[in-house]
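The following exercises concern a ligand site and charged side-chain pairs. Each task is followed by a worked solution.

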Amino acid sequence: MCGIVGVLGSHEVSPILVEALKRLEYRGYDSAGIATVNDGHLDRRRAVGKLINLSDELVHNPLPGKSGIGHTRWATHGAPTVSNAHPHQAGRVAVVHNGIIENFKELRTELAAHGITFVTQTDTETVALLCEYHMRDGTSAAEAARKTVAQLDGAFALAFLFDGEEDLIVAARKGSPLAIGHGDGEMFVGSDAIALAPMTDRITYLDEGDFAVLTRQSLTIWDARGNLANREMRQITLENTRINKDGHKHFMAKEIAEQPVAVDKALRAYLDDTGTITLPDGLDFSGVERLTLVACGTAYYACMVAKYWFETIARLPVEVDVASEFRYREPPVAPGTLAMFVSQSGETADTLAALKYMQDKADVIAALVNVPESTIARESDVVLPIHAGPEISVASTKAFTCQLTVLLMLALKAAQVRGLPLPEGMPEDLRALPGLIHQSLASEAQIARAARDLATARDIIFLGRGQLYPLALEGALKLKELSYIHAEGYASGELKHGPIALIDESVPVIVMAPRDALFEKTISNMQEVMARGGRVVLVTDADGARTASEGTAEVIIMPQVPDALAPILYAVPAQQIAYFTAIAKGTDVDQPRNLAKSVTVE
Ligand code: G6P
(Lines give C-alpha, C1' and ligand atoms only; values in the text may rest on other atoms or scores of the structure.)
Protein backbone atom coordinates (compact mmCIF):
# COMPACT_ATOMS: atom_id res chain seq x y z
CA MET A 1 0.00 0.00 0.00
CA CYS A 2 1.15 3.61 0.41
CA GLY A 3 4.90 4.11 0.22
CA ILE A 4 6.93 6.74 2.06
CA VAL A 5 10.34 8.23 1.35
CA GLY A 6 12.29 11.12 2.81
CA VAL A 7 15.74 12.49 2.01
CA LEU A 8 18.02 14.95 3.75
CA GLY A 9 20.55 15.00 0.94
CA SER A 10 23.53 16.81 -0.48
CA HIS A 11 22.07 17.03 -4.00
CA GLU A 12 18.76 18.06 -5.53
CA VAL A 13 16.25 15.59 -4.07
CA SER A 14 13.33 15.64 -6.53
CA PRO A 15 14.85 13.02 -8.88
CA ILE A 16 16.05 10.96 -5.91
CA LEU A 17 12.59 11.00 -4.35
CA VAL A 18 10.90 9.99 -7.61
CA GLU A 19 13.43 7.18 -8.12
CA ALA A 20 12.81 5.93 -4.56
CA LEU A 21 9.04 6.09 -5.14
CA LYS A 22 9.55 4.04 -8.29
CA ARG A 23 11.06 1.33 -6.13
CA LEU A 24 7.92 1.42 -3.98
CA GLU A 25 5.57 1.21 -6.97
CA TYR A 26 5.23 -2.53 -6.43
CA ARG A 27 3.21 -1.92 -3.27
CA GLY A 28 0.32 -0.57 -5.37
CA TYR A 29 -0.80 3.09 -5.60
CA ASP A 30 -3.08 5.45 -7.47
CA SER A 31 -1.47 8.89 -6.98
CA ALA A 32 1.89 10.27 -5.92
CA GLY A 33 3.59 13.44 -4.73
CA ILE A 34 6.69 15.02 -3.25
CA ALA A 35 7.48 18.08 -1.11
CA THR A 36 10.80 19.83 -0.62
CA VAL A 37 12.25 22.70 1.38
CA ASN A 38 14.28 25.11 -0.74
CA ASP A 39 15.76 28.34 0.67
CA GLY A 40 13.59 27.70 3.68
CA HIS A 41 10.44 27.48 1.57
CA LEU A 42 8.19 24.40 1.70
CA ASP A 43 6.47 23.45 -1.55
CA ARG A 44 4.99 20.34 -3.16
CA ARG A 45 3.94 18.70 -6.45
CA ARG A 46 1.37 15.94 -6.81
CA ALA A 47 -0.25 13.94 -9.60
CA VAL A 48 -2.91 11.28 -10.04
CA GLY A 49 -2.03 7.93 -11.64
CA LYS A 50 1.40 6.52 -12.38
CA LEU A 51 4.65 8.18 -11.38
CA ILE A 52 5.25 9.26 -14.97
CA ASN A 53 2.50 11.84 -14.39
CA LEU A 54 4.38 13.22 -11.38
CA SER A 55 7.59 13.30 -13.42
CA ASP A 56 5.75 15.24 -16.17
CA GLU A 57 4.46 17.68 -13.57
CA LEU A 58 8.02 18.16 -12.30
CA VAL A 59 9.27 18.89 -15.83
CA HIS A 60 6.73 21.72 -16.13
CA ASN A 61 6.99 22.83 -12.50
CA PRO A 62 10.38 21.83 -11.11
CA LEU A 63 10.75 21.50 -7.36
CA PRO A 64 14.26 22.45 -6.22
CA GLY A 65 15.65 21.64 -2.78
CA LYS A 66 17.97 19.23 -1.00
CA SER A 67 15.48 18.08 1.63
CA GLY A 68 12.24 16.36 0.77
CA ILE A 69 9.59 13.75 1.38
CA GLY A 70 7.56 11.71 -1.10
CA HIS A 71 4.61 9.36 -1.22
CA THR A 72 2.74 6.86 -3.35
CA ARG A 73 -0.91 6.77 -2.23
CA TRP A 74 -3.36 3.87 -2.30
CA ALA A 75 -6.67 5.60 -1.63
CA THR A 76 -8.48 4.79 1.62
CA HIS A 77 -10.26 7.98 2.75
CA GLY A 78 -11.16 10.03 -0.33
CA ALA A 79 -10.83 9.32 -4.05
CA PRO A 80 -7.46 9.34 -5.84
CA THR A 81 -7.41 13.05 -6.75
CA VAL A 82 -4.59 15.60 -6.74
CA SER A 83 -5.98 17.32 -3.67
CA ASN A 84 -6.20 14.04 -1.73
CA ALA A 85 -2.67 13.01 -2.77
CA HIS A 86 0.19 13.31 -0.29
CA PRO A 87 2.20 15.18 0.87
CA HIS A 88 -0.52 17.02 2.77
CA GLN A 89 0.43 20.52 3.70
CA ALA A 90 -0.95 22.81 6.36
CA GLY A 91 0.98 26.07 6.60
CA ARG A 92 4.52 25.20 7.66
CA VAL A 93 3.98 21.44 7.84
CA ALA A 94 4.00 18.77 5.12
CA VAL A 95 3.27 15.18 5.95
CA VAL A 96 3.28 11.78 4.24
CA HIS A 97 1.44 8.86 5.78
CA ASN A 98 0.94 5.15 5.39
CA GLY A 99 -1.91 3.58 7.37
CA ILE A 100 -5.15 4.88 8.83
CA ILE A 101 -5.73 7.47 11.54
CA GLU A 102 -8.77 5.99 13.24
CA ASN A 103 -9.68 9.01 15.37
CA PHE A 104 -9.34 11.56 12.56
CA LYS A 105 -13.02 12.53 12.72
CA GLU A 106 -12.75 13.41 16.42
CA LEU A 107 -9.55 15.36 15.75
CA ARG A 108 -11.23 17.19 12.87
CA THR A 109 -14.08 18.21 15.17
CA GLU A 110 -11.57 19.53 17.75
CA LEU A 111 -9.66 21.46 15.10
CA ALA A 112 -12.87 22.82 13.58
CA ALA A 113 -13.73 24.21 17.02
CA HIS A 114 -10.55 26.32 16.71
CA GLY A 115 -11.75 27.61 13.34
CA ILE A 116 -9.47 25.33 11.35
CA THR A 117 -10.86 24.34 7.95
CA PHE A 118 -10.16 21.32 5.78
CA VAL A 119 -9.65 21.08 2.05
CA THR A 120 -9.53 17.29 1.58
CA GLN A 121 -11.46 14.20 2.70
CA THR A 122 -8.31 12.46 3.94
CA ASP A 123 -7.37 11.40 7.45
CA THR A 124 -3.80 12.54 6.75
CA GLU A 125 -4.66 16.22 6.33
CA THR A 126 -5.74 16.15 9.98
CA VAL A 127 -2.17 15.24 10.98
CA ALA A 128 -0.68 18.19 9.11
CA LEU A 129 -3.29 20.60 10.50
CA LEU A 130 -2.85 19.34 14.05
CA CYS A 131 0.91 19.76 13.86
CA GLU A 132 0.59 23.24 12.40
CA TYR A 133 -1.87 24.07 15.21
CA HIS A 134 0.65 22.95 17.86
CA MET A 135 3.31 25.18 16.29
CA ARG A 136 1.12 28.31 16.62
CA ASP A 137 2.38 29.11 20.12
CA GLY A 138 6.03 28.87 19.08
CA THR A 139 6.44 25.17 19.88
CA SER A 140 9.35 23.77 17.85
CA ALA A 141 8.63 21.68 14.77
CA ALA A 142 9.88 18.40 16.27
CA GLU A 143 8.01 18.97 19.55
CA ALA A 144 4.80 19.83 17.66
CA ALA A 145 5.15 16.61 15.66
CA ARG A 146 5.69 14.65 18.88
CA LYS A 147 2.53 16.16 20.43
CA THR A 148 0.61 15.39 17.23
CA VAL A 149 1.72 11.76 17.05
CA ALA A 150 0.75 11.27 20.71
CA GLN A 151 -2.84 12.21 19.82
CA LEU A 152 -3.21 9.74 16.95
CA ASP A 153 -5.00 6.39 17.15
CA GLY A 154 -4.70 3.76 14.47
CA ALA A 155 -1.87 2.36 12.41
CA PHE A 156 0.60 4.66 10.75
CA ALA A 157 4.02 5.43 9.45
CA LEU A 158 4.58 9.17 9.13
CA ALA A 159 7.25 11.54 7.86
CA PHE A 160 7.05 15.29 8.49
CA LEU A 161 8.90 18.09 6.68
CA PHE A 162 8.80 21.73 7.78
CA ASP A 163 9.00 25.14 6.18
CA GLY A 164 12.17 26.90 7.34
CA GLU A 165 13.82 23.60 8.40
CA GLU A 166 16.22 22.35 5.75
CA ASP A 167 17.92 19.84 8.03
CA LEU A 168 14.98 18.14 9.69
CA ILE A 169 12.64 15.24 9.02
CA VAL A 170 10.52 13.75 11.78
CA ALA A 171 9.36 10.15 11.45
CA ALA A 172 7.03 8.00 13.53
CA ARG A 173 5.94 4.41 13.39
CA LYS A 174 2.93 2.67 14.88
CA GLY A 175 1.75 -0.40 13.04
CA SER A 176 3.27 0.38 9.64
CA PRO A 177 6.98 -0.26 9.05
CA LEU A 178 9.57 2.46 8.56
CA ALA A 179 13.28 2.20 7.85
CA ILE A 180 15.90 4.90 8.38
CA GLY A 181 18.87 4.90 5.98
CA HIS A 182 22.28 6.26 6.95
CA GLY A 183 24.35 7.98 4.25
CA ASP A 184 27.57 9.98 4.42
CA GLY A 185 26.34 13.35 5.59
CA GLU A 186 22.87 12.34 4.37
CA MET A 187 19.92 10.68 6.07
CA PHE A 188 16.96 8.85 4.55
CA VAL A 189 13.63 7.42 5.55
CA GLY A 190 11.58 4.87 3.64
CA SER A 191 8.81 2.33 3.93
CA ASP A 192 11.37 -0.40 3.31
CA ALA A 193 15.02 -0.98 2.57
CA ILE A 194 14.20 -1.62 -1.11
CA ALA A 195 13.22 2.05 -1.53
CA LEU A 196 16.50 3.20 -0.03
CA ALA A 197 18.80 0.66 -1.69
CA PRO A 198 20.38 2.99 -4.30
CA MET A 199 21.23 5.48 -1.53
CA THR A 200 22.47 3.26 1.28
CA ASP A 201 22.72 -0.27 2.63
CA ARG A 202 22.96 0.89 6.26
CA ILE A 203 19.51 0.64 7.77
CA THR A 204 17.91 1.16 11.18
CA TYR A 205 14.39 -0.24 11.47
CA LEU A 206 12.09 1.74 13.75
CA ASP A 207 10.32 -0.32 16.39
CA GLU A 208 6.62 -0.19 17.15
CA GLY A 209 5.80 3.19 18.75
CA ASP A 210 9.14 4.81 17.88
CA PHE A 211 9.44 8.52 17.20
CA ALA A 212 12.55 9.69 15.34
CA VAL A 213 14.20 13.03 14.59
CA LEU A 214 16.55 12.99 11.62
CA THR A 215 19.15 15.52 10.57
CA ARG A 216 21.90 14.97 8.01
CA GLN A 217 24.34 14.11 10.81
CA SER A 218 22.14 12.55 13.46
CA LEU A 219 19.32 10.17 14.20
CA THR A 220 17.59 10.36 17.60
CA ILE A 221 14.92 7.82 18.46
CA TRP A 222 12.46 7.73 21.37
CA ASP A 223 10.50 4.59 22.16
CA ALA A 224 6.75 4.32 22.79
CA ARG A 225 7.20 5.39 26.43
CA GLY A 226 9.19 8.47 25.45
CA ASN A 227 12.60 7.11 26.51
CA LEU A 228 15.63 7.55 24.31
CA ALA A 229 16.13 4.31 22.40
CA ASN A 230 19.14 2.66 20.86
CA ARG A 231 18.19 0.86 17.70
CA GLU A 232 20.68 -1.32 15.89
CA MET A 233 22.03 -0.18 12.52
CA ARG A 234 22.27 -3.14 10.13
CA GLN A 235 24.17 -3.62 6.93
CA ILE A 236 21.60 -5.18 4.63
CA THR A 237 22.45 -7.54 1.80
CA LEU A 238 21.92 -5.77 -1.47
CA GLU A 239 20.81 -9.05 -3.06
CA ASN A 240 17.60 -8.65 -1.08
CA THR A 241 16.96 -5.16 -2.46
CA ARG A 242 17.83 -5.67 -6.12
CA ILE A 243 14.80 -5.01 -8.18
CA ASN A 244 15.14 -5.50 -11.89
CA LYS A 245 13.34 -7.63 -14.41
CA ASP A 246 16.48 -9.47 -15.59
CA GLY A 247 15.36 -9.28 -19.20
CA HIS A 248 11.79 -10.41 -18.50
CA LYS A 249 8.86 -8.33 -19.69
CA HIS A 250 7.31 -8.21 -16.22
CA PHE A 251 8.38 -8.84 -12.63
CA MET A 252 5.74 -11.56 -12.52
CA ALA A 253 7.34 -13.42 -15.45
CA LYS A 254 10.72 -13.14 -13.73
CA GLU A 255 9.31 -14.35 -10.43
CA ILE A 256 7.54 -17.31 -12.04
CA ALA A 257 10.79 -18.27 -13.76
CA GLU A 258 12.79 -17.88 -10.55
CA GLN A 259 10.80 -20.57 -8.75
CA PRO A 260 13.22 -23.49 -9.26
CA VAL A 261 16.01 -21.44 -7.63
CA ALA A 262 13.79 -19.94 -4.92
CA VAL A 263 12.31 -23.32 -3.94
CA ASP A 264 15.80 -24.83 -3.91
CA LYS A 265 16.89 -22.12 -1.45
CA ALA A 266 13.84 -22.76 0.74
CA LEU A 267 14.60 -26.49 0.76
CA ARG A 268 18.26 -26.05 1.64
CA ALA A 269 17.39 -23.79 4.56
CA TYR A 270 15.61 -26.68 6.31
CA LEU A 271 16.69 -29.96 4.66
CA ASP A 272 20.30 -31.11 4.79
CA ASP A 273 22.20 -33.61 2.62
CA THR A 274 21.45 -36.48 5.02
CA GLY A 275 17.70 -35.94 4.61
CA THR A 276 17.29 -34.37 8.05
CA ILE A 277 14.76 -31.57 8.42
CA THR A 278 15.90 -29.05 11.04
CA LEU A 279 13.58 -26.45 12.52
CA PRO A 280 14.59 -23.26 14.32
CA ASP A 281 14.92 -23.34 18.12
CA GLY A 282 11.61 -22.91 19.83
CA LEU A 283 9.60 -24.95 17.33
CA ASP A 284 9.15 -28.53 18.48
CA PHE A 285 6.13 -30.48 17.32
CA SER A 286 6.32 -32.99 20.19
CA GLY A 287 4.11 -30.88 22.45
CA VAL A 288 1.82 -29.61 19.71
CA GLU A 289 -1.72 -30.98 19.75
CA ARG A 290 -3.31 -28.70 17.20
CA LEU A 291 -2.21 -26.17 14.67
CA THR A 292 -3.92 -22.90 13.80
CA LEU A 293 -2.91 -21.42 10.44
CA VAL A 294 -3.92 -17.83 9.66
CA ALA A 295 -3.20 -15.71 6.58
CA CYS A 296 -4.72 -13.59 3.80
CA GLY A 297 -4.97 -13.94 0.02
CA THR A 298 -2.58 -16.33 -1.65
CA ALA A 299 -0.85 -17.09 1.66
CA TYR A 300 -4.23 -18.31 2.95
CA TYR A 301 -4.46 -20.80 0.10
CA ALA A 302 -0.98 -22.04 1.01
CA CYS A 303 -2.38 -22.68 4.51
CA MET A 304 -5.36 -24.55 3.04
CA VAL A 305 -2.98 -26.89 1.20
CA ALA A 306 -0.92 -27.31 4.37
CA LYS A 307 -4.03 -28.45 6.25
CA TYR A 308 -4.21 -31.51 3.95
CA TRP A 309 -0.51 -32.24 4.57
CA PHE A 310 -0.56 -31.80 8.34
CA GLU A 311 -3.74 -33.80 8.74
CA THR A 312 -2.96 -36.69 6.36
CA ILE A 313 0.80 -36.98 6.89
CA ALA A 314 1.24 -35.87 10.51
CA ARG A 315 -2.30 -36.62 11.79
CA LEU A 316 -2.28 -33.20 13.43
CA PRO A 317 -5.63 -31.38 13.56
CA VAL A 318 -5.45 -28.05 11.77
CA GLU A 319 -7.70 -25.02 11.82
CA VAL A 320 -7.27 -22.59 8.90
CA ASP A 321 -8.85 -19.17 8.65
CA VAL A 322 -8.50 -15.89 6.81
CA ALA A 323 -7.06 -13.35 9.22
CA SER A 324 -9.86 -10.80 8.79
CA GLU A 325 -12.42 -13.38 9.97
CA PHE A 326 -10.29 -15.12 12.56
CA ARG A 327 -9.56 -11.97 14.53
CA TYR A 328 -13.21 -11.05 15.00
CA ARG A 329 -14.36 -14.62 15.60
CA GLU A 330 -12.33 -14.62 18.80
CA PRO A 331 -11.96 -18.40 18.75
CA PRO A 332 -11.34 -20.26 22.00
CA VAL A 333 -7.78 -21.61 22.10
CA ALA A 334 -7.00 -25.00 23.66
CA PRO A 335 -3.69 -25.81 25.37
CA GLY A 336 -1.11 -27.33 23.02
CA THR A 337 -1.95 -24.93 20.17
CA LEU A 338 0.76 -23.82 17.80
CA ALA A 339 -0.39 -20.67 15.97
CA MET A 340 1.31 -20.04 12.66
CA PHE A 341 0.91 -16.83 10.65
CA VAL A 342 1.82 -17.02 6.99
CA SER A 343 2.61 -13.80 5.15
CA GLN A 344 4.90 -12.91 2.29
CA SER A 345 5.34 -9.31 3.39
CA GLY A 346 5.03 -9.91 7.13
CA GLU A 347 3.10 -6.62 7.29
CA THR A 348 -0.51 -7.54 6.45
CA ALA A 349 -2.64 -5.65 8.97
CA ASP A 350 -5.28 -8.37 9.50
CA THR A 351 -2.70 -11.13 9.88
CA LEU A 352 -0.83 -9.01 12.40
CA ALA A 353 -4.03 -8.30 14.35
CA ALA A 354 -4.86 -12.04 14.41
CA LEU A 355 -1.35 -12.73 15.68
CA LYS A 356 -1.79 -10.21 18.49
CA TYR A 357 -5.05 -11.90 19.48
CA MET A 358 -3.19 -15.21 19.81
CA GLN A 359 -0.17 -13.83 21.66
CA ASP A 360 -1.35 -14.66 25.17
CA LYS A 361 -3.37 -17.72 24.13
CA ALA A 362 -1.29 -20.04 21.96
CA ASP A 363 1.66 -22.03 23.34
CA VAL A 364 3.89 -20.84 20.51
CA ILE A 365 3.49 -18.18 17.82
CA ALA A 366 5.36 -18.88 14.60
CA ALA A 367 5.74 -16.61 11.57
CA LEU A 368 6.28 -18.05 8.11
CA VAL A 369 7.42 -14.97 6.20
CA ASN A 370 9.49 -13.80 3.28
CA VAL A 371 10.70 -10.65 5.05
CA PRO A 372 12.48 -11.71 8.26
CA GLU A 373 12.69 -8.15 9.64
CA SER A 374 8.94 -7.62 9.18
CA THR A 375 6.52 -6.79 11.99
CA ILE A 376 4.87 -10.21 11.97
CA ALA A 377 8.29 -11.87 12.28
CA ARG A 378 9.28 -9.56 15.11
CA GLU A 379 6.09 -10.19 17.05
CA SER A 380 6.50 -14.00 16.85
CA ASP A 381 8.33 -16.51 19.06
CA VAL A 382 9.74 -18.40 16.07
CA VAL A 383 10.48 -17.15 12.56
CA LEU A 384 10.43 -19.50 9.57
CA PRO A 385 11.84 -17.61 6.57
CA ILE A 386 10.73 -18.89 3.16
CA HIS A 387 13.79 -17.51 1.28
CA ALA A 388 11.88 -16.52 -1.87
CA GLY A 389 13.87 -13.27 -2.30
CA PRO A 390 12.15 -9.95 -3.02
CA GLU A 391 8.77 -10.41 -4.66
CA ILE A 392 7.81 -7.26 -6.56
CA SER A 393 4.81 -8.20 -8.68
CA VAL A 394 1.62 -7.57 -6.72
CA ALA A 395 0.36 -11.09 -7.48
CA SER A 396 2.27 -13.56 -5.36
CA THR A 397 4.00 -16.41 -7.22
CA LYS A 398 7.37 -17.58 -5.93
CA ALA A 399 6.42 -16.69 -2.35
CA PHE A 400 3.46 -19.09 -2.68
CA THR A 401 5.56 -22.04 -3.87
CA CYS A 402 8.20 -21.30 -1.22
CA GLN A 403 5.50 -21.07 1.49
CA LEU A 404 4.18 -24.44 0.33
CA THR A 405 7.67 -25.96 0.29
CA VAL A 406 8.40 -24.87 3.87
CA LEU A 407 4.93 -25.92 5.07
CA LEU A 408 5.40 -29.39 3.54
CA MET A 409 8.75 -29.77 5.30
CA LEU A 410 7.08 -28.75 8.57
CA ALA A 411 4.35 -31.35 8.07
CA LEU A 412 6.97 -34.04 7.38
CA LYS A 413 8.92 -33.02 10.47
CA ALA A 414 5.75 -33.05 12.56
CA ALA A 415 5.02 -36.59 11.33
CA GLN A 416 8.53 -37.73 12.25
CA VAL A 417 8.33 -36.18 15.70
CA ARG A 418 4.93 -37.81 16.24
CA GLY A 419 6.41 -41.21 15.29
CA LEU A 420 4.53 -41.58 12.02
CA PRO A 421 5.92 -43.04 8.80
CA LEU A 422 6.53 -40.53 6.02
CA PRO A 423 4.97 -41.02 2.58
CA GLU A 424 7.17 -43.24 0.45
CA GLY A 425 10.22 -41.44 -0.92
CA MET A 426 9.96 -38.50 1.51
CA PRO A 427 11.78 -36.35 2.38
CA GLU A 428 14.35 -37.26 -0.31
CA ASP A 429 11.85 -36.66 -3.13
CA LEU A 430 11.68 -33.02 -2.09
CA ARG A 431 15.05 -32.53 -3.73
CA ALA A 432 13.46 -33.22 -7.11
CA LEU A 433 11.13 -30.22 -6.72
CA PRO A 434 13.31 -27.50 -8.31
CA GLY A 435 13.90 -29.71 -11.38
CA LEU A 436 10.22 -30.60 -11.63
CA ILE A 437 9.19 -26.94 -11.40
CA HIS A 438 11.71 -26.19 -14.11
CA GLN A 439 10.12 -28.85 -16.33
CA SER A 440 6.64 -27.55 -15.68
CA LEU A 441 7.66 -24.07 -16.85
CA ALA A 442 8.01 -25.60 -20.31
CA SER A 443 4.22 -25.55 -20.83
CA GLU A 444 4.49 -21.79 -21.22
CA ALA A 445 3.92 -21.63 -24.99
CA GLN A 446 0.92 -23.95 -24.84
CA ILE A 447 -0.61 -22.00 -21.95
CA ALA A 448 -0.04 -18.72 -23.80
CA ARG A 449 -2.02 -20.15 -26.72
CA ALA A 450 -4.86 -21.39 -24.51
CA ALA A 451 -4.91 -18.03 -22.73
CA ARG A 452 -5.83 -16.19 -25.93
CA ASP A 453 -9.10 -18.11 -25.88
CA LEU A 454 -9.61 -17.71 -22.12
CA ALA A 455 -9.18 -13.96 -22.49
CA THR A 456 -12.45 -13.79 -24.44
CA ALA A 457 -14.48 -15.35 -21.59
CA ARG A 458 -16.56 -13.43 -19.12
CA ASP A 459 -16.52 -16.10 -16.42
CA ILE A 460 -14.06 -18.91 -15.79
CA ILE A 461 -14.32 -21.78 -13.31
CA PHE A 462 -11.45 -23.70 -11.73
CA LEU A 463 -12.04 -27.16 -10.26
CA GLY A 464 -9.84 -29.30 -8.02
CA ARG A 465 -10.25 -31.96 -5.36
CA GLY A 466 -8.40 -32.70 -2.13
CA GLN A 467 -5.08 -30.85 -1.94
CA LEU A 468 -5.73 -29.48 -5.44
CA TYR A 469 -8.90 -27.72 -4.29
CA PRO A 470 -6.94 -24.78 -2.80
CA LEU A 471 -5.05 -24.64 -6.10
CA ALA A 472 -8.37 -24.15 -7.90
CA LEU A 473 -9.05 -21.24 -5.54
CA GLU A 474 -5.57 -19.81 -6.10
CA GLY A 475 -5.88 -20.20 -9.89
CA ALA A 476 -9.17 -18.27 -9.82
CA LEU A 477 -7.78 -15.58 -7.52
CA LYS A 478 -4.72 -15.03 -9.72
CA LEU A 479 -6.85 -14.89 -12.86
CA LYS A 480 -9.32 -12.34 -11.53
CA GLU A 481 -6.56 -10.21 -9.98
CA LEU A 482 -4.62 -9.96 -13.22
CA SER A 483 -7.13 -10.17 -16.05
CA TYR A 484 -10.24 -8.76 -14.30
CA ILE A 485 -12.17 -11.75 -15.65
CA HIS A 486 -14.66 -13.10 -13.15
CA ALA A 487 -13.25 -16.44 -11.96
CA GLU A 488 -14.24 -18.83 -9.18
CA GLY A 489 -12.58 -21.92 -7.77
CA TYR A 490 -14.63 -24.84 -6.48
CA ALA A 491 -14.03 -28.21 -4.90
CA SER A 492 -15.06 -30.42 -7.80
CA GLY A 493 -17.32 -32.42 -5.49
CA GLU A 494 -19.31 -29.24 -4.93
CA LEU A 495 -19.99 -28.75 -8.62
CA LYS A 496 -23.42 -30.36 -8.47
CA HIS A 497 -24.38 -28.23 -5.47
CA GLY A 498 -24.64 -25.02 -7.44
CA PRO A 499 -21.84 -24.03 -9.82
CA ILE A 500 -22.95 -26.51 -12.50
CA ALA A 501 -25.86 -24.13 -13.14
CA LEU A 502 -23.35 -21.68 -14.61
CA ILE A 503 -21.93 -24.08 -17.17
CA ASP A 504 -22.53 -23.54 -20.88
CA GLU A 505 -20.37 -23.12 -24.01
CA SER A 506 -19.30 -19.66 -22.92
CA VAL A 507 -17.76 -20.71 -19.59
CA PRO A 508 -14.30 -22.29 -19.76
CA VAL A 509 -13.56 -24.72 -16.92
CA ILE A 510 -9.99 -25.38 -15.84
CA VAL A 511 -9.61 -28.73 -14.13
CA MET A 512 -6.53 -29.43 -11.97
CA ALA A 513 -6.24 -33.20 -11.72
CA PRO A 514 -3.00 -35.11 -11.26
CA ARG A 515 -3.44 -38.89 -11.51
CA ASP A 516 -3.82 -39.41 -7.77
CA ALA A 517 -6.30 -41.36 -5.64
CA LEU A 518 -9.04 -38.78 -6.34
CA PHE A 519 -8.41 -38.55 -10.08
CA GLU A 520 -11.36 -40.66 -11.24
CA LYS A 521 -13.78 -38.64 -9.14
CA THR A 522 -12.51 -35.32 -10.48
CA ILE A 523 -12.69 -36.64 -14.04
CA SER A 524 -16.34 -37.64 -13.49
CA ASN A 525 -17.07 -34.05 -12.52
CA MET A 526 -15.18 -32.92 -15.63
CA GLN A 527 -17.39 -35.19 -17.76
CA GLU A 528 -20.46 -33.54 -16.21
CA VAL A 529 -19.09 -30.17 -17.33
CA MET A 530 -18.41 -31.38 -20.87
CA ALA A 531 -21.86 -32.96 -21.09
CA ARG A 532 -23.25 -29.45 -20.65
CA GLY A 533 -21.09 -27.89 -23.33
CA GLY A 534 -18.38 -26.55 -20.99
CA ARG A 535 -14.94 -26.00 -22.62
CA VAL A 536 -12.44 -27.85 -20.47
CA VAL A 537 -8.75 -27.11 -20.03
CA LEU A 538 -7.36 -30.14 -18.20
CA VAL A 539 -4.13 -29.77 -16.25
CA THR A 540 -2.85 -33.25 -15.48
CA ASP A 541 0.16 -35.56 -15.90
CA ALA A 542 0.94 -37.94 -18.76
CA ASP A 543 -0.97 -40.82 -17.10
CA GLY A 544 -3.98 -38.60 -16.55
CA ALA A 545 -3.86 -37.30 -20.13
CA ARG A 546 -3.83 -40.84 -21.55
CA THR A 547 -7.13 -41.70 -19.92
CA ALA A 548 -9.02 -38.42 -19.80
CA SER A 549 -8.10 -36.15 -22.75
CA GLU A 550 -11.04 -37.02 -24.95
CA GLY A 551 -13.44 -34.17 -25.44
CA THR A 552 -11.29 -31.57 -23.68
CA ALA A 553 -10.39 -28.31 -25.43
CA GLU A 554 -6.79 -28.38 -24.19
CA VAL A 555 -4.61 -30.63 -22.04
CA ILE A 556 -1.63 -29.18 -20.21
CA ILE A 557 0.74 -31.91 -19.16
CA MET A 558 2.69 -31.63 -15.92
CA PRO A 559 5.55 -33.91 -14.88
CA GLN A 560 4.55 -37.04 -12.92
CA VAL A 561 5.06 -36.29 -9.21
CA PRO A 562 4.66 -37.92 -5.80
CA ASP A 563 1.21 -36.94 -4.46
CA ALA A 564 2.39 -34.52 -1.79
CA LEU A 565 4.33 -32.42 -4.31
CA ALA A 566 1.45 -31.89 -6.72
CA PRO A 567 0.09 -28.64 -5.19
CA ILE A 568 3.53 -27.03 -5.46
CA LEU A 569 3.95 -28.05 -9.06
CA TYR A 570 0.41 -27.21 -10.17
CA ALA A 571 0.86 -23.68 -8.85
CA VAL A 572 3.00 -22.98 -11.91
CA PRO A 573 0.32 -23.50 -14.61
CA ALA A 574 -2.18 -21.64 -12.39
CA GLN A 575 0.20 -18.66 -12.40
CA GLN A 576 0.96 -18.94 -16.12
CA ILE A 577 -2.75 -19.12 -17.04
CA ALA A 578 -3.35 -15.84 -15.16
CA TYR A 579 -0.20 -14.22 -16.56
CA PHE A 580 -0.85 -15.03 -20.21
CA THR A 581 -4.57 -14.22 -20.00
CA ALA A 582 -3.62 -10.81 -18.62
CA ILE A 583 -1.13 -10.35 -21.46
CA ALA A 584 -3.83 -11.29 -23.98
CA LYS A 585 -6.18 -8.74 -22.38
CA GLY A 586 -3.49 -6.06 -22.15
CA THR A 587 -3.96 -5.40 -18.44
CA ASP A 588 -1.27 -4.13 -16.06
CA VAL A 589 0.32 -7.43 -15.00
CA ASP A 590 2.60 -6.25 -12.21
CA GLN A 591 0.32 -3.61 -10.74
CA PRO A 592 -3.29 -4.64 -11.31
CA ARG A 593 -5.86 -1.92 -10.70
CA ASN A 594 -6.99 -1.35 -7.11
CA LEU A 595 -4.62 -3.96 -5.65
CA ALA A 596 -1.76 -3.50 -3.23
CA LYS A 597 1.16 -5.80 -2.55
CA SER A 598 1.28 -5.28 1.13
CA VAL A 599 -2.11 -4.58 2.70
CA THR A 600 -1.25 -2.52 5.74
CA VAL A 601 -4.79 -1.38 6.53
CA GLU A 602 -7.80 -3.45 7.54
C1 G6P B 1 -2.36 -8.91 -1.03
C2 G6P B 1 -1.48 -9.37 -2.18
C3 G6P B 1 -1.52 -10.90 -2.29
C4 G6P B 1 -1.13 -11.52 -0.96
C5 G6P B 1 -1.98 -10.98 0.20
C6 G6P B 1 -1.41 -11.40 1.55
O7 G6P B 1 -3.69 -9.17 -1.33
O8 G6P B 1 -1.91 -8.80 -3.41
O9 G6P B 1 -0.63 -11.33 -3.31
O10 G6P B 1 -1.27 -12.91 -1.04
O11 G6P B 1 -2.00 -9.56 0.19
O12 G6P B 1 -0.17 -10.77 1.70
P13 G6P B 1 0.98 -11.31 2.62
O14 G6P B 1 2.12 -10.34 2.43
O15 G6P B 1 0.45 -11.31 4.02
O16 G6P B 1 1.33 -12.69 2.15
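**Exercise 1.** How many salt bridges does a search of the whole structure find?

*Solution.* The model is predicted, so local features need pLDDT of at least 70 and side-chain atom pairs count only at pLDDT 80 or more, while totals for chains, interfaces and linings use all residues. Residues are numbered from 1 along each chain as its sequence is written, and side-chain values use heavy atoms, without hydrogens and water. A salt bridge requires a side-chain nitrogen of Lys or Arg within 4 Å of a carboxyl oxygen of Asp or Glu. The search yields 31 salt bridges.

**Exercise 2.** Identify the parts joined by the salt bridge of aspartate 184 and arginine 202.

*Solution.* The N to O distance of this pair is 3.2 Å. Aspartate 184 belongs to the loop between strand S9 (179-182) and strand S10 (187-190), and arginine 202 to strand S11 (residues 202-205); the pair therefore ties together parts 18 residues apart in sequence. Strands are DSSP runs (E, at least two residues), numbered from the N terminus.

**Exercise 3.** Describe the surroundings of the ligand.

*Solution.* Step 1: 14 residues surround the ligand, each with a heavy atom within 4 Å of it. The closest are Thr298, Ser343, Gln344, Ser345 and Thr348.

Step 2: a side-chain N or O atom of serine 343 is 2.6 Å from a ligand oxygen. For serine 345, a polar side-chain atom also lies 2.6 Å from an oxygen atom of the ligand.

Step 3: alanine 596 places a backbone N or O atom 3.1 Å from a ligand oxygen.

Note on methods:
A polar contact is a pair of N or O atoms within 3.5 Å; within protein, one must be able to donate a hydrogen and the other to accept it, and residues adjacent in sequence count only if both atoms are side-chain atoms. Helices (H or I, at least four residues) and strands (E, at least two) are DSSP runs, numbered from the N terminus.
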